[in-house]
Amino acid sequence: MRNYLFNPTNGQVYECVRSNGVVAVSDNVYNSGAFINAANCLHNLTGNTNYFNDAVLAASHVINNNAILSNGGRDDTSWEDQFARGLSYFARDNNLWGLYNTWMTSNANSAWKNRRLDLNITWNAWTT
């Protein structure tokens, strides 16, 4: 995945490699979360700091480009939570809550503020 879907200059994680071999270049927050989670696991297993650095870069890319995650236009239902899960595990395992707490709290508060009040649930659009 790192060789084909990760941009090591800015931390962007792309959508996919299509069947014709063309990389679908996009900002994919779901894939970024999975990438961070995988890099964190590999770092935990090997101690290789390159995996740690890749996770930091991928996280920074998403955070710097998304004050609040909001995905009201896509059909997949786990867009934000895959990123939040990957970042949470990474922060927990590496004692990085001080670095990510403000951003994570802002996203949680926005999701809760914009929830469906009758059932206290939220959807992909954490800003509306």
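Mentor: Buried means under 20% relative accessible area, exposed means over 50%, and partly exposed lies in between (1.4 Å probe, protein chains only). The model is predicted: local features need pLDDT of at least 70, side-chain atom pairs count only at pLDDT 80 or more, and totals for chains, interfaces and linings use all residues. Residues are numbered from 1 along each chain as its sequence is written, and side-chain values use heavy atoms, without hydrogens or water.

Trainee: Is asparagine 107 buried or exposed?

Mentor: Start with its place, which is helix α5. (Helices are DSSP runs of H or I, at least four residues, numbered from the N terminus.) The relative accessibility of asparagine 107 is 2%, so the residue counts as buried.

Trainee: Which residue has its backbone oxygen 3.3 Å from a polar atom of the asparagine 107 side chain?

Mentor: Look at the contacts first (heavy atoms within 4.5 Å). Beyond four places in sequence, asparagine 107 touches Ala67, Ile68, Leu69 and Trp126. The backbone oxygen at 3.3 Å from a polar atom of that side chain belongs to alanine 67.

Trainee: Now helix α4. Is glutamate 80 buried or exposed?

Mentor: Glutamate 80 sits in helix α4. Leaving out residues up to four places away in sequence, glutamate 80 touches Leu69, Ser70, Asn71, Asn124, Ala125 and Trp126. Its relative accessible area is 1%, so glutamate 80 is buried.

Trainee: How many salt bridges are there?

Mentor: Apply the rule: a side-chain nitrogen of Lys or Arg within 4 Å of a carboxyl oxygen of Asp or Glu. One of them joins aspartate 93 and arginine 92, with closest N and O atoms 2.9 Å apart. Aspartate 93 is partly exposed at 32% relative accessible area. By the rule, the count is four.

Trainee: Take the salt bridge of aspartate 54 and arginine 2. How many residues apart in sequence are the parts that the pair ties together?

Mentor: The two side chains meet at 2.5 Å, N to O. Aspartate 54 is buried at 9% relative accessible area, whereas arginine 2 is partly exposed at 38%. Aspartate 54 belongs to helix α3 (residues 49-65) and arginine 2 to helix α1 (residues 2-5), so the separation of the parts is 52 residues.

Trainee: Which residue forms a salt bridge with arginine 85?

Mentor: Arginine 85 and its partner both lie in helix α4 (residues 79-93), four residues apart, about one turn of the helix. Arginine 85 is partly exposed at 32% relative accessibility. The closest N and O atoms are 3.6 Å apart, and the partner is aspartate 81.

Trainee: How far is the C-alpha atom of cysteine 41 from that of aspartate 93?

Mentor: Cysteine 41 is in helix α2, residues 29-46. Its relative accessible area is 40%, so cysteine 41 is partly exposed. Along the chain, cysteine 41 and aspartate 93 are 52 residues apart, yet their C-alpha atoms are separated by 9.3 Å.

Trainee: How many disulfides does a search of the whole structure find?

Mentor: A disulfide needs a pair of cysteine sulfur atoms within 2.5 Å. Cysteine 16 is partly exposed at 24% relative accessibility. The search of the whole structure finds a count of zero.

Trainee: Which helix gives the most residues to the largest nonpolar core?

Mentor: Such a core joins buried Ala, Val, Leu, Ile, Met, Phe, Trp, Tyr and Cys residues through side-chain atoms within 4.5 Å. This one has 24 residues, and Ile36, Leu69, Phe83, Leu87, Phe90, Tyr100 and Trp103 touch the most other members. Helices α2, α3, α4 and α5 (97-113) each supply at least two residues. With six residues, the top contributor is α4.

Trainee: Which residue caps the N-terminal end of α3?

Mentor: The buried residues of α3 are Asp54, Ala55, Ala58, Ala59, His61, Val62 and Ile63. They pack against α1, α2, α4 and α5. At the N-terminal end, a side-chain oxygen lies 2.7 Å from the backbone nitrogen of asparagine 50, and the capping residue is asparagine 48.

Trainee: Which tyrosine does leucine 87 touch, leaving aside neighbours within four places in sequence?

Mentor: Leucine 87 is among the core residues that touch the most other members. Its contacts include Ile36, Ala59, Ile63, Trp103 and Met104. The tyrosine in contact with leucine 87 is Tyr100.

Terms used:
Polar contact = N/O pair within 3.5 Å; in protein donor to acceptor, adjacent residues only side chain to side chain.
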